[in-house]
Amino acid sequence: MEETYLLNVEGVKKKILHGGQGELPKLQDGSKITFHFQTLKDDFERTVIDDSREAGIPMEIIVGKMFKLEIWETLLSSMRAGEVAEFWCDAIHTGMYALVSRGMRRIAEGRDPLEGQKHRCGMGNMFDYHSTGYDDLDELQRNPQPLIFIMELFRVEEPSAYKRDTWAMSKEEKLAAVPVLHREGNRLVLRKEFGQAAEKYQEAVICLRNLQAKEKPWEDGWLKLENLVTPLVLNYCQCQLELGEYYEVLEHTTELLQKHNDNAKAYFKRAKAHAAVWNEREAREDFQRVAHLDPSMAAAVKKELKQLGERMRKKHVEDRKRYQGLFQPPRGP
């Protein structure tokens, strides 16, 4: 089946190679499109530039999330599920393809797609470096030209039909997700599933940190988000204590205390982590800070200090025995 027609978009032609099924998808912001694609030059050999099948996994894009090659959303919106189509696109639509391809290739190679870039837009980076790191893409960058895209559409999922990655959520969706993740984490803690609970708390923190990045530090918006972050980080650290990940606790509590040096709970969790890795002096200092900041925790601190003293005495005895055995001369026959 081959039928060529225009999409009412300047510089685009479509040829259906295999018909699809059902109605045309109704795309909206947040819809996820899954498809395979092949990119070819418009030359006699139809030189292949990229083929998603070589990577072994289909391509996914989220509608409305500023995908650099905007024409792809237009092309895919004209396809039905299961359809295979060939699109010819003039150079006015393909100028950004070299940068898009560079990112996709780096991901397929297991590398950071933004590696080596400055914090600037894609065009700024292109002028800074003059090279994508791939000869064929550098040629496209120097000489923008028409390209052919062969696409096979698998499915279009509405925003509510799949678990969305944090980066794909809007501000409102992230804020709505945080209390849900918090409750799920709490439920998992009650079931002593600390690893899964930690993942829920961590995901909630990522949502809030992404929002914080758009606020000015220490201003009202930033502080409101920080007040939501702090208990989630503390819950995450408690899970890591239960899992024996003490250095993870030390890292996150120290980072938290650099911004909130009066948080008794953070000192308490850090003290327990110090005690677990035999940092006696640091543990005692943190426990003392806890008692000073929150007298209601004095009984818990007293209990922890007693246990710390007993553990350290036991360790000293064991160390003494071990070292004595090392330096005693061997007995004769």
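## A buried glutamate in helix H13

A residue counts as buried when its relative accessible area is under 20%. In this predicted model, Glu-304 has a relative accessible area of 16%, so Glu-304 is buried. The residue belongs to helix H13, which covers residues 298–327.

Which residues does Glu-304 contact, apart from its neighbours within four places in sequence? The partners are Phe-268, Lys-272 and Phe-287.

## The protein as a whole

The protein contains 13 helices and seven strands. Of its 333 residues, 40% are buried.

Contacts can also be described by how far apart the two partners stand in the sequence. Among the contacts in the protein with a separation of 6 or more, 67% join residues that are 24 or more positions apart.

## The pairing of helices H9 and H10

Helix H9 runs over residues 220–243 and helix H10 over residues 246–259. Their axes come within 9 Å and cross at roughly 160°. Are the two helices roughly parallel or roughly antiparallel to each other? An angle over 145 degrees counts as roughly antiparallel, and H9 and H10 are therefore roughly antiparallel to each other. Their crossing is left-handed.

On the side of H9, the contact is made by Trp-222, Glu-226, Thr-230, Val-233, Leu-234, Tyr-236, Cys-237, Gln-240 and Leu-241. On the side of H10, the contributing residues are Tyr-246, Glu-248, Val-249, His-252, Thr-253, Leu-256 and Lys-259. Sorted by class, the contact of H9 with H10 has nine nonpolar, four polar and three charged residues.

## Pro-231 in helix H9

Helix H9 also holds Pro-231. Is this proline buried or partly exposed? Its relative accessible area is 33%, and Pro-231 is therefore partly exposed.

Pro-231 can also be related to a residue further along the chain. Pro-231 and Ala-266 are separated by 35 residues in sequence, and their C-alpha atoms are 9.6 Å apart in space.

## An annotated repeat

An unreviewed UniProt entry lists residues 264–297 as "repeat: TPR". What share of this span is helix, and what share is strand? Residues 264–297 are 79% helix and 0% strand. The C-alpha atoms at the two ends of the span lie 9 Å apart.

Terms used:
Residues are numbered from 1 along each chain as its sequence is written. This is a predicted model: local features need pLDDT of at least 70, side-chain atom pairs count only at pLDDT 80 or more; totals for chains, interfaces and linings use all residues. Side-chain values use heavy atoms; hydrogens and water are left out. Axes are lines fitted to C-alpha atoms, for helices over the stretch in contact, and angles run from 0 to 180 degrees between N-to-C directions. Helices (H or I, at least four residues) and strands (E, at least two) are DSSP runs, numbered from the N terminus. Angles under 35 degrees count as roughly parallel, over 145 as roughly antiparallel, 65 to 115 as roughly perpendicular and the rest as oblique. A crossing is left-handed if the near helix is turned anticlockwise from the far one by less than a right angle, and right-handed if clockwise. Contact means heavy atoms within 4.5 Å. Ala, Val, Leu, Ile, Met, Phe, Trp, Tyr, Cys and Pro count as nonpolar, Asp, Glu, Lys and Arg as charged, and the others, Gly among them, as polar. UniProt positions are given in the numbering used here, feature names are shortened, and annotations may be inferred rather than shown by experiment. Buried means under 20% relative accessible area, exposed over 50%, partly exposed in between (1.4 Å probe, protein chains only).
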